[in-house]
Amino acid sequence: MSTPTATAPRLRGGLLRQRDFRLLWAGETTSRFGSNITGVAMPLVAVVSLQASTFWVSALAAAAWLPWLLVGLPAGAWVDRLPRRPLMLVCNLGSLVLLAGVPLAAWLDVLTMTHLMVVALLTGLANVFFSIAYRVYLPSVVHREDLAEANTKLQGSESAAQLAGLGAGGMLAGALGAVSGLLVNAATFLASTLCLLGIRSVEPRPETPPASRPLRQDVRDGLRYTMDDPYLRVLTAYGTVTNLLLTGYQALLTVFLVRDLGVDESAVGWLLAGAGVGGLLGAVVAGALARRLGSARGMLLCKFATAPFGLLVPLAEPGWRVVLLALGGAVLALGVVSANVIQGTFRQQYCPPHLLGRITASMSVANFGAIPVGSLLGGILGGALGGLPALWLLTGGLAVSSALLLVGPLRAHRDLPTEPPEGPAPARRRPGAEQGAADGSPRTVIGHEGDGE
């Protein structure tokens with residue numbers, strides 16, 4: 001994944017003793033904390049301050065993920081060509097400026113729904129490049145043997161940040177107003193930037209492609225590898241379907257809680273934070289499941305055992321039964337995060353290093369590209385059927401979606417492979433070994449990273 005000299009010396013006692021990983025971990029956790037505050041604050045600003053309709057709240061959620069559909073594939077090719085840490089720094093600083101502008105506009109009484117949509121779209125664009133670069137950058141900071149531990153810690157802290165961030169978002173909204181949460185998120189991007197600047201590991205220089213090879217050839221290689229590989233293909237297809245359904249029901253939750261269940265603004269974040277509890281537990285148990293059952297069987301168990309619990313969400317009612325929504329979200333998150341830990345390590349070990357950015361982008365475009373479609377689908381279904389029937393339909397689909405994983409080779413193996421396959425396909429050769437463009441037109445990948453990782 002990276003040359004031995006590109007990574008800090010491996011120390012006894014785990015990754016917590018490695019300074020560069022601690023900085024990367026702290027920066028990403030802080031940024032995730034702020035992003036989850038925004039996850040509560042942004043729709044609350046739309047609902048409470050701007051009196052937006054259900055459709056426009058769903059459209060706001062969709063705008064943050066739309067850039068994956070627009071630029072995700074070329075972004076992966078660029079990440080394979082560019083130094084990753086400087087790219088991540090630019091993305092952080094851009095997001096900081098954009099988010100700090102929302103409270104300023106609100107205080108000047110010039111904030112509009114158009115402004116919110118533009119901020120969501122542009123911060124989503126920065127997130128596309130940052131997310132791909134971050135996953136490709138990680139093997140430059142830690143050794144191959146430590147990738148499983150690194151992904152476990154990152155997923156665990158992400159879930160903890162979700163729990164704390166969503167709760168803090170609700171408290172900030174109740175105490176200071178929803179727009180204050182966006183200012184806090186802007187500050188977390190500054191903290192993440194400072195952590196990245198402190199990392200000392202020397203990142204391997206990206207391989208420079210031949211000048212004669214256009215960017216679209218790089219994109220095509222990533223798509224072809226993802227489409228042709230039986231493991232990547234089925235995981236991508238499954239992730240696309242589940243992200244569509246997950247974000248469809250999540251786009252309805254804020255409106256459902258505030259308008260149908262009568263939940264106070266300050267309590268919305270805490271109820272949504274229930275998913276963080278499940279995600280934190282999922283990160284803790286993922287490694288043990290993979291060791292005891294095998295990585296393939298452990299991932300299947302995570303999905304099949306947790307997906308039906310989404311049906312608890314539409315059973316929520318005013319009063320004590322509102323906790324069913326938090327419980328259903330928590331168990332769903334447990335399955336998502338535990339599978340993400342296993343799948344993230346698999347991808348970083350299995351995929352050829354020179355194609356990792358493009359494969360990550362190919363999967364992410366399908367998986368994250370389903371998110372704006374799912375958000376709009378949730379809004380359309382909520383407007384046409386009502387919030388409760390739409391929730392039943394979407395969570396019912398989640399309950400049976402795991403059957404897609406049985407289509408590929410996962411069911412036949414105890415463990416996922418840890419080495420890339422050998423073969424003559426153009427996408428599996430290093431750029432220096434290629435002899436011109438591969439024949440055929442670009443293929444369309446059907447479909448994840450891991451349910452919105």
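**Figure 1. Salt bridge between R19 and D20 in the predicted model.** R19 is partly exposed, because its relative accessible area is 31%. In this predicted model, the side chain of R19 meets that of D20 in a salt bridge, with an N to O distance of 3.4 Å. D20, by contrast, has a relative accessible area of 5% and is therefore buried. The pair is one of two salt bridges found in a search of the whole structure.

**Figure 2. Salt bridge between R414 and D415.** The side chains of R414 and D415 form a salt bridge, with nitrogen and oxygen 3.0 Å apart. R414 has a relative accessibility of 34% and so counts as partly exposed. D415 is likewise partly exposed, because its relative accessible area is 35%. A search of the whole structure gives a total of two salt bridges.

**Figure 3. Overall architecture of the protein chain.** The protein chain contains 15 helices and zero strands. Its length is 453 residues, of which 56% count as buried. The accessible surface amounts to about 18,000 Å², and carbon and sulfur atoms account for 66% of this area.

**Figure 4. Packing of helices α3 and α5.** Two packed helices are described by the angle between their axes and the distance between the axes. For α3 and helix α5 (residues 113-141), the angle is about 35° and the axes lie 9 Å apart. The crossing of these two helices is right-handed. On the α3 side, the residues in contact include the tryptophans W68 and W78, together with the glycines G72 and G76. Among the α5 residues that they and their neighbours meet are G124, N127, F129, S131 and A133.

**Figure 5. Nonpolar surface patch formed by L66, L69, L70, L121 and V373**. Together these five side chains present about 410 Å² of accessible area. Helix α3 (residues 66-81) makes the greatest contribution to the patch, giving three residues. L66, located in helix α3, has a relative accessibility of 32% and therefore counts as partly exposed. L66 and L121 are also listed among the residues that meet between α3 and α5.

**Figure 6. Surroundings of H354 in the loop between α13 and α14**. The loop that holds H354 joins α13 (323-350) to α14 (356-385). H354 counts as buried, because its relative accessibility is 10%. The C-alpha atom of H354 is 9.7 Å from that of V136, although the two residues are 218 residues apart along the chain. V136 is one of the α5 residues in the contact with α3.

**Figure 7. Contacts of T188 in helix α7**. Helix α7 spans residues 179-197 and includes T188. With a relative accessible area of 6%, T188 is therefore buried. When residues up to four places away in sequence are not counted, T188 touches T30, S31, F33 and G34.

**Figure 8. Backbone conformation of D109 in the loop between α4 and α5**. Most residues other than glycine have a negative phi. D109 is not a glycine, yet it has a positive phi of about 60°. The loop that contains D109 follows α4 (84-107) and leads to α5. D109 is exposed, because its relative accessible area is 71%.

Note on methods. Residues are numbered from 1 along each chain as its sequence is written. This is a predicted model: local features need pLDDT of at least 70, side-chain atom pairs count only at pLDDT 80 or more; totals for chains, interfaces and linings use all residues. Side-chain values use heavy atoms; hydrogens and water are left out. Patches are made of residues with over 30% relative accessible area and no salt bridge: like charges are joined within 9 Å, nonpolar side chains (Val, Leu, Ile, Met, Phe, Trp, Tyr) within 5 Å. Accessible areas come from the Shrake-Rupley method with a 1.4 Å probe; for residues, only the protein chains shown count as cover. A salt bridge is a side-chain nitrogen of Lys or Arg within 4 Å of a carboxyl oxygen of Asp or Glu. Helices (H or I, at least four residues) and strands (E, at least two) are DSSP runs, numbered from the N terminus. Buried means under 20% relative accessible area, exposed over 50%, partly exposed in between (1.4 Å probe, protein chains only). Axes are lines fitted to C-alpha atoms, for helices over the stretch in contact, and angles run from 0 to 180 degrees between N-to-C directions. A crossing is left-handed if the near helix is turned anticlockwise from the far one by less than a right angle, and right-handed if clockwise. Contact means heavy atoms within 4.5 Å.
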